[in-house]
Amino acid sequence: MAFTVADYTVFVLLLVFSSAIGLFYALSGGRQRTVQEFLLANRSMSFLPVALSLLATFQSAVAILGVPAEIYRFGTEYWFLGCCYFLGLLIPAHVFIPVFYRLHLTSTYEYLELRFNKAVRVCGTVTFIFQMCWLPGPHPFLMAGVFFAVTQFDLWGAVLTMGLVCTLYTTLGGLKAVIWTDVFQTLVMFAGQLAVIVVGTIKVGSMGRVWQLAADQGKISGIDLNPDPFERHTFWTLAIGGVFMMLSLYGVNQAQVQRYLSSRTEREAVLSCYAVFPCQQVVLCLSCLTGLVMFAYYQEHPLTAAQSQASSDQLVLYFVMDVLKDLPGLPGLFVACLFSGSLSTISSAFNSLATVTMEDLIHPYFPGLRESRATLLSKLLALSYGLLCLGMAYLSSMMGPMLQAAISIFGMVGGPLLGLFCLGMFFPCANPTGAIAGLAAGLAMAFWIGIGSLVSNLRAAPSALPLSNITDFPQASSLNTAIATTLLTSTPAPKRLSGLQKFYNLSYMWYSAHNSTTVILVGLLVSLLTGTCRGGATINPRTIYPVLPRLLCCLPQKYRERLSCGVVCSAEVSVPHAPEKTSNGMLNGPIVGLARAEEAEGEGFARTEGTHTYILQETSL
């Protein structure tokens, strides 16, 4: 496996264009002089680039290699994951986005303070930072291993190149540069995967021949309706469990919500969520077809001795070099495709970490910070997280098998955070004590199952433990819970498990559902034991989405009011833009917590902030 001059050229162009986009937005427009421009692109983005950026954020190189490896080993069962995309994107579009956008937030965790209190906000922020800090570190190390495998280029030179390029355009160009770079990198990912499928299909004969070879060997899966949650992949596991995994990524994750909030209007934000749906289906289709073409190719071109010893995801790389080796530039395009996936994931992590650190941990305690200094500090935070990524990459190189646990932390924490937001948004009876207790219980459950499953798998298959060299990728369960589109490629668990071993064998697709449900149940129980809620009059009604009253709309009015805990919700009121400050200062800043005030004289609106309620006439808005 070797790169030609054309391959190097394609790869270098990827890095140059990515850096150029960052420099362009650093020197044009407002030149990233305000916090809003740097962190939210001045809320000026249209839906299409936001949609492609949403797609690229968690479509990492691990997924580009992992999905074909899954199809190659286990067949097309995983393809049914596409069934979960509908609800997994429809719910964010009509539940989470309207609530977050109308509150005029910058950080998702501002919502937690508006709904509960500052302590819950800080707990959520710290949990998110802990989650995301583990995500970018291993990616440069893993992708540098890929680059070393095909070029023999210095490993740490590749790590530094990826880390510095990503840090450069994120720090200089802000969120707008990150989004447009994601657009460019998404197109590269599509081109790289499409090139492999087309050339591989031609070498096999036709797509019909590919399908026939796969069907003959039992790789075309039917619908498995087994409801057992301990089965790794079934229709229910993928279609229902996958919804919760999608919600943890596209519903409440700061990296994605920040892109929604950068849209120029709420409608554009909702459209971006709709536009992701066909894009996700295309990505899933390309990845699954790559796996089928690879399987068919090696049915007609037997594996070499070295290839037969490779792991499944390594075999994807062998396959790419086998089918593209006679076409200069195309191997470089696929490696650029892998790097594009990692760059988009890493840059999103940098930007979201800088945002929550600035908005949730610094700005509330230094409210008088000047705009210029706040912007500079935001850029320094992005730079600091970029340098931290390089440090984490070095740490990853020494972690050996523990690298699996490091990557899996991302997936473990996503479910409890989803549960925390659902607890606040859907259950008005929840109080701050219940929210903190629920989050703690959800995290404990997540780490218990996640680490227990990982240790159990390692004990069951000791030969799969080591990362034998820098080109190996962590096996199985960790990668799949880490990213929505990453698959478990480990050996299926042995049968007849019992006790904790059975519990640890829970399908990774149910992790988010199980952990978020734990947060909700514990949070509600503690809230009921410590006082039903803070009182309907003190809950900001714009932070509540009345899901239970709407689902149980046939109940008498008094029962629906009890379900709402006295909170008057008015979903039809929309304030897409913050009003200008009036002479008495009442409307200073973005309006949050608007609800129709039926108790006021005439038609008006009530705004609740702390213990004060303002009655505003409709005409004054």
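**Exercise 1. Helix 7**

Task: In this predicted model, find which residues of helix 7 are buried, and what caps its N-terminal end.

Solution.
1. Locate the helix. Helix 7 covers residues 118–133, 16 residues in all.
2. List its buried positions. They are Val120, Arg121, Gly124, Thr125, Thr127, Phe128, Ile129, Gln131, Met132 and Cys133.
3. Check the span. From first C-alpha to last, helix 7 reaches 22 Å, close to the 22 Å expected at 1.5 Å a residue.
4. Look at the N-terminal end. Asn117 is the cap, with a side-chain oxygen 3.2 Å from the backbone nitrogen of Ala119.

**Exercise 2. Helix 4**

Task: Decide whether helix 4 is largely enclosed or largely open.

Solution.
1. Set the limits. Helix 4 runs over residues 61–74 and has 14 residues.
2. Compare its reach with expectation. The C-alpha span is 20 Å, close to the expected 20 Å at 1.5 Å a residue.
3. Count the buried residues. Because 12 of the 14 are buried, helix 4 is largely enclosed by the rest of the structure.
4. Name them. The run is Ala61, Val62, Ala63, Ile64, Leu65, Gly66, Val67, Pro68, Ala69, Glu70, Ile71 and Tyr72.
5. Step past the end. Just after helix 4, Gly75 takes a positive phi of about 95°.

**Exercise 3. Two residues and their contacts**

Task: Classify Gln193 as buried or exposed, do the same for Thr57, and list what each one contacts beyond four places in sequence.

Solution.
1. Place Gln193. It sits in helix 9, residues 155–204.
2. Apply the cut-off. Buried means under 20% relative accessible area. Gln193 has 3%, so it counts as buried.
3. List the contacts of Gln193. They are Ile64, Leu286, Ser287, Thr290 and Cys337. Of these, Ile64 is one of the buried residues of helix 4.
4. Place Thr57. It belongs to helix 3, residues 47–57.
5. Apply the cut-off again. At 1% relative accessible area, Thr57 is buried.
6. List the contacts of Thr57. They are Asp182, Ala255, Gln256, Arg259, Ser344, Thr345 and Ser348.

**Exercise 4. The nonpolar cores**

Task: Which residues touch the most other members of the largest nonpolar core, and which helix gives the core its largest share?

Solution.
1. Start with the core. It holds 146 residues; Phe96, Phe100, Tyr111, Phe319 and Met425 touch the most other members.
2. Find the main contributor. Helix 13, residues 266–300, supplies the largest share, 18 residues.
3. Separate the other core. Another one, of 9 residues, lies apart; Val35, Leu39, Ile362 and Ala374 are among its members.
4. Zoom in on Tyr111. Beyond four places in sequence, Tyr111 touches Val99, Phe100, Leu103, Leu105, Phe421, Gly424, Met425 and Thr543.

**Exercise 5. Cysteines**

Task: How many disulfides does the whole structure hold, and why is Cys83 in none?

Solution.
1. Search everything. The result is 0 disulfides.
2. Test Cys83. Its closest cysteine sulfur, in Cys84, is 8.0 Å away, so the pair is too far apart for a bond.
3. Check its exposure. Cys83 is partly exposed, at 41% relative accessible area.
4. Test Cys288. The nearest cysteine sulfur is that of Cys285, 7.3 Å away, and Cys288 is in no disulfide.
5. Check its exposure too. Cys288 is buried, at 0%.

**Exercise 6. The whole chain**

Task: What percentage of the chain's residues is buried?

Solution.
1. Read the burial. Of 621 residues, 59% are buried.
2. Add the elements. The chain has 24 helices and 3 strands.
3. Check the contacts. Among those between residues at least 6 apart in sequence, 82% join residues at least 24 apart.
4. Finish with surface. About 23600 Å² is accessible, 65% of it belonging to carbon and sulfur atoms.

Notes: Residues are numbered from 1 along each chain as its sequence is written. This is a predicted model: local features need pLDDT of at least 70, side-chain atom pairs count only at pLDDT 80 or more; totals for chains, interfaces and linings use all residues. Side-chain values use heavy atoms; hydrogens and water are left out. A nonpolar core is a set of buried Ala, Val, Leu, Ile, Met, Phe, Trp, Tyr and Cys residues joined through side-chain atoms within 4.5 Å. Buried means under 20% relative accessible area, exposed over 50%, partly exposed in between (1.4 Å probe, protein chains only). Helices (H or I, at least four residues) and strands (E, at least two) are DSSP runs, numbered from the N terminus. Contact means heavy atoms within 4.5 Å. The expected span of a helix is 1.5 Å times one less than its number of residues. A polar contact is a pair of N or O atoms within 3.5 Å; within protein, one must be able to donate a hydrogen and the other to accept it, and residues adjacent in sequence count only if both atoms are side-chain atoms. A disulfide is a pair of cysteine sulfur atoms within 2.5 Å. Accessible areas come from the Shrake-Rupley method with a 1.4 Å probe; for residues, only the protein chains shown count as cover.
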